[in-house]
Amino acid sequence: MRTTGGLAAVVLTAALLAGCGTASPVSPPTGVDELVVPTPSPEPDDFVDGIDNPWFSEAGEPAGTAEVAGVTVTVLGEDYYAQDRRGNVWWFGTEGEWAAGVDGAEAGLAMPAEPRYGDSWRTAYVPGEVEDVAAVTEMDDDTLVLETTSALDPGRTERRTVEKSD
């Protein structure tokens, strides 16, 4: 009996160790809370007027509105943003650089309605030009730290602290 138990333990250990070296490849972030990020075809009716997500703190006063990919967006500086009905803020492009719906560009998630520690998502996507990803690396009730990387500039990471507004 001891021989059978010892043999079973050796076989089990070998199987576990063999499994450790065959991890699946890392998958790119695709969404948060059932969202498709980036979104290739945003539905205009899914978006609301204005932006009031307390985690979205982009600098600058709104400079009016524009239409990008059929969605009315808020213009902040040179960037186009829109908030969906769930409170998620989407980045639709930057004036003169890229816009969702043009040359394969897709709207990325600028800030989820309820970010969580460990969440990551694509903030911008233009095939062959822009592929930025943000990740929540630290968080408490009023502050979060985002680290943004670009697949097109692999050695560079930007880190910024976001304060929740009241």
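**Exercise 1. Work out in which pattern helix and strands follow along the sequence.**

Step 1: Read along the sequence, the chain runs α-β-β-β-β-β-β-β-β-β-β-β, where helices (H or I, at least four residues) and strands (E, at least two) are DSSP runs numbered from the N terminus.

Step 2: Count the elements, and you get one helix and eleven strands.

Step 3: Keep the ground rules in mind. The model is predicted, with local features needing pLDDT of at least 70 and side-chain atom pairs pLDDT 80 or more, while totals for chains, interfaces and linings use all residues. Residues are numbered from 1 along each chain as its sequence is written, and side-chain values use heavy atoms, leaving out hydrogens and water.

**Exercise 2. Describe how S10 and S11 pair, and do likewise for S2 and S3.**

Step 1: Strand S10 (residues 143-150) and strand S11 (residues 153-163) are antiparallel, with eight bridges; two strands pair if DSSP finds at least two bridges between them.

Step 2: Look for a bridge partner: Thr 143 has Glu 163 in S11. Two residues make the hairpin connection from S10 to S11.

Step 3: Turn to strand S2 (residues 62-68) and strand S3 (residues 71-76), which are antiparallel over five bridges. Here Pro 62 is bridged to Leu 76 in S3. This hairpin also has two residues between its strands, and Ala 69 in the turn shows a positive phi of about 55°.

**Exercise 3. Place Leu 144 in the fold: is this residue buried or exposed, and what does it touch?**

Step 1: Find Leu 144 in strand S10.

Step 2: Leu 144 counts as buried because its relative accessibility is 0%. Buried means under 20% relative accessible area, exposed over 50%, and partly exposed in between (1.4 Å probe, protein chains only).

Step 3: List the contacts (heavy atoms within 4.5 Å). Leaving aside residues up to four places away in sequence, Leu 144 touches Trp 55, Pro 115, Val 136, Glu 138, Met 139, Arg 160, Thr 161 and Val 162.

Step 4: Add a distance: Tyr 117 is 27 residues from Leu 144 in sequence, and their C-alpha atoms are 8.2 Å apart.

Step 5: Step back to the chain, where buried residues make up 37% of the 166 residues.

**Exercise 4. Characterise the largest pocket and the part Thr 123 plays in its lining.**

Step 1: Get the volume, about 470 Å³. On a 1 Å grid over the protein atoms alone, a pocket is an open set of points with protein on both sides within 12 Å along at least five of seven lines, and lining residues have an atom within 4 Å of a point. Points are joined across faces, edges and corners, and a volume is the space filled by probe spheres set on them.

Step 2: Of the 20 lining residues, Trp 91, Thr 123, Asp 132, Thr 148 and Glu 158 lie nearest the centre.

Step 3: Strand S4 (79-84), strand S9 (130-139), S10 and S11 each supply at least two lining residues.

Step 4: Look closely at Thr 123, in strand S8 (residues 120-126). Thr 123 counts as buried because its relative accessibility is 10%. Beyond residues up to four places away in sequence, Thr 123 touches Trp 91, Gly 108, Leu 109, Asp 132, Val 133 and Ala 134.

**Exercise 5. Find the volume of the second largest pocket and the residues nearest its centre.**

Step 1: The second largest pocket holds about 210 Å³.

Step 2: Its lining has 13 residues, with Leu 35, Thr 39, Asp 46, Asp 84 and Trp 90 nearest the centre.

Definitions and conventions: On a 1 Å grid over the protein atoms alone, a cavity is a set of points where a 1.4 Å probe fits but cannot get out, and a pocket is an open set with protein on both sides within 12 Å along at least five of seven lines; lining residues have an atom within 4 Å of a point.
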